[in-house]
Amino acid sequence: MIDLHSHTDQSDGTFTPAELVLEAKRAGLTALAITDHDTFAGYDAAVPCAARAGVNLICGIELSTRYQGTSVHLLGYFPVTPPSDEIRTWLKWVLEMRRERNVRLIAKLQSLGVDITLAEVEKIGRTLTGRPHFAQVLVAKGYATDLQNAFDQYLDESAKGFVHRQEVPMDEAIERILRSGGVPSLAHPVRVAKNNWEKLAGYVEDLAGLGMRAIEVYHSDHSPENVAYYASLAERFRLGMTGGSDFHGANKPLISLGTGKHNNLHVPDALAEKLRLLAPEA
Ligand code: AMP
Ligand code: FE
Ligand code: FE
Ligand code: ZN
């Protein structure tokens, strides 16, 4: 069993990097990719733990990009060489844009009558403070009944508290991942093009033309029909396949590492080895 999509408490998961590695070991994973949003801090911290535990740890990242007027998540994998200094430096700018969004999000929530400060939210976030940390504070202070309710009421793109964040254009994100030795993979395509399958096929063709090398076929939110269709898109556009649970610990309590929601995830072991073959030549 392998899992190529997971988050630590260095982004918006709740497990420390060491706890995540131990959970991978307990679940019997032979390979684990840490794909935190916008940071390698969780992966970096997990490297010695994984070596001790004998877990094959793969470096990854998840970026929020701008594509076709919406926000689309892009995974990047570095199975052969560690990510370049160039992309690490660039991520500092991404984190700055995120902090700038957080300042505006606090102001917006305050204008809606919510008693909340940036310091309170940043105390929960570590390397990075994201909307799930805002959701935790909203629940703790009684503004929402649970994390999902906090998103529905305040934080979701369609909710009253939402503020935009400056996101990297998709073509630039793909290029930056490739240039630093990584494999760009379209994350959870079920959330792209409002799951209009024909439209998605057009997007995937376009993205393949932009240099995208893989598509996340397996994911906790994918039905068997989704999986079959995304696998057919991979074949049609000559892309590799990736897959994982998108484990976030207590921030997404229904999802288990390796097995997804109620055992709905089965990522073929061979994908970890194939990922290496997708990496650009050094
Ligand atoms: P951020 O990167 O700070 O804008 O936060 C994005 C993260 O919030 C995503 O990766 C999800 O984990 C979570 N998220 C976004 N929208 C929702 C939603 N409608 N319901 C639950 N979680 C969400
Ligand atoms: Fe997340
Ligand atoms: Fe995502
Ligand atoms: Zn994710």
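Q: In this predicted model, what makes the approach of Asp12 to ligand 1 a polar contact?
A: A polar side-chain atom of Asp12 is 3.2 Å from an oxygen atom of ligand 1. A polar contact requires a pair of N or O atoms within 3.5 Å, so the pair formed by Asp12 and ligand 1 qualifies.

Q: Which distances make Arg101 and Lys252 polar contacts of ligand 1 as well?
A: For Arg101, a polar side-chain atom lies 2.7 Å from an oxygen atom of the ligand. For Lys252, an N or O atom of the side chain is 3.3 Å from an oxygen atom of ligand 1. Both values meet the limit of within 3.5 Å, and therefore both pairs are polar contacts.

Q: How much of ligand 1 does the protein bury?
A: Taken alone, ligand 1 exposes 500 Å², of which the protein buries 82%.

Q: What is meant by saying that ligand 1 sits in the largest pocket?
A: A molecule sits in a pocket if more than half of its atoms lie within 2 Å of the grid points of that pocket. Ligand 1 is assigned to the largest pocket, which means that more than half of its atoms satisfy this criterion.

Q: Which residues surround ligand 1, and what is their character by class?
A: The shell holds 13 residues, the closest being His37, Arg98, Arg101, Arg131 and Asp156. By class, 7 are charged, 4 polar and 2 nonpolar. Helix 3 (85-111), helix 5 (131-140) and helix 6 (147-155) each contribute at least two residues to this shell.

Q: Why are Asp12, His37 and His248 called donors of the iron ion (ligand 2)?
A: Asp12 (OD), His37 (NE2) and His248 (NE2) lie 2.2 Å from the iron ion (ligand 2). The cut-off for N, O and S atoms is within 2.8 Å of the metal, so these atoms count as donors. Their spacing in sequence is D-x24-H-x210-H. Asp12, in the loop between strand 1 (2-3) and helix 1 (17-27), and His248, in the loop between strand 8 (240-244) and strand 9 (255-256), are 236 residues apart and link distant parts of the chain.

Q: How do you know that Glu62, His73 and His188 coordinate the iron ion (ligand 3)?
A: Glu62 (OE), His73 (ND1) and His188 (NE2) are at 2.0 to 2.3 Å from the iron ion (ligand 3). These distances fall within 2.8 Å, and the atoms are therefore donors.

Q: What makes Glu62 and His188 a tie between separate parts of the sequence?
A: Glu62 belongs to strand 3 (residues 56-67), whereas His188 is in the loop between strand 6 (183-186) and helix 8 (197-209), so the pair joins parts 126 residues apart in sequence.

How values were computed
Residues numbered from 1 in each chain as written. Chains lettered and ligands numbered in written order. Predicted model: local features only at pLDDT ≥ 70, side-chain atom pairs only at ≥ 80, totals over all residues. Heavy atoms only, no water. Near = heavy atom within 4 Å. Polar contact = N/O pair within 3.5 Å; in protein donor to acceptor, adjacent residues only side chain to side chain. Areas by Shrake-Rupley, 256 points an atom, 1.4 Å probe, with all protein chains shown as cover. 1 Å grid on protein atoms, 1.4 Å probe; cavity = no way out; pocket = protein on both sides within 12 Å on 5 of 7 lines; lining within 4 Å. Helix = DSSP H or I, 4+ residues; strand = E, 2+ residues; numbered from the N terminus. Nonpolar A, V, L, I, M, F, W, Y, C, P; charged D, E, K, R; others polar. Donors = N, O, S within 2.8 Å, 3.2 Å for Na, K, Ca; no water.
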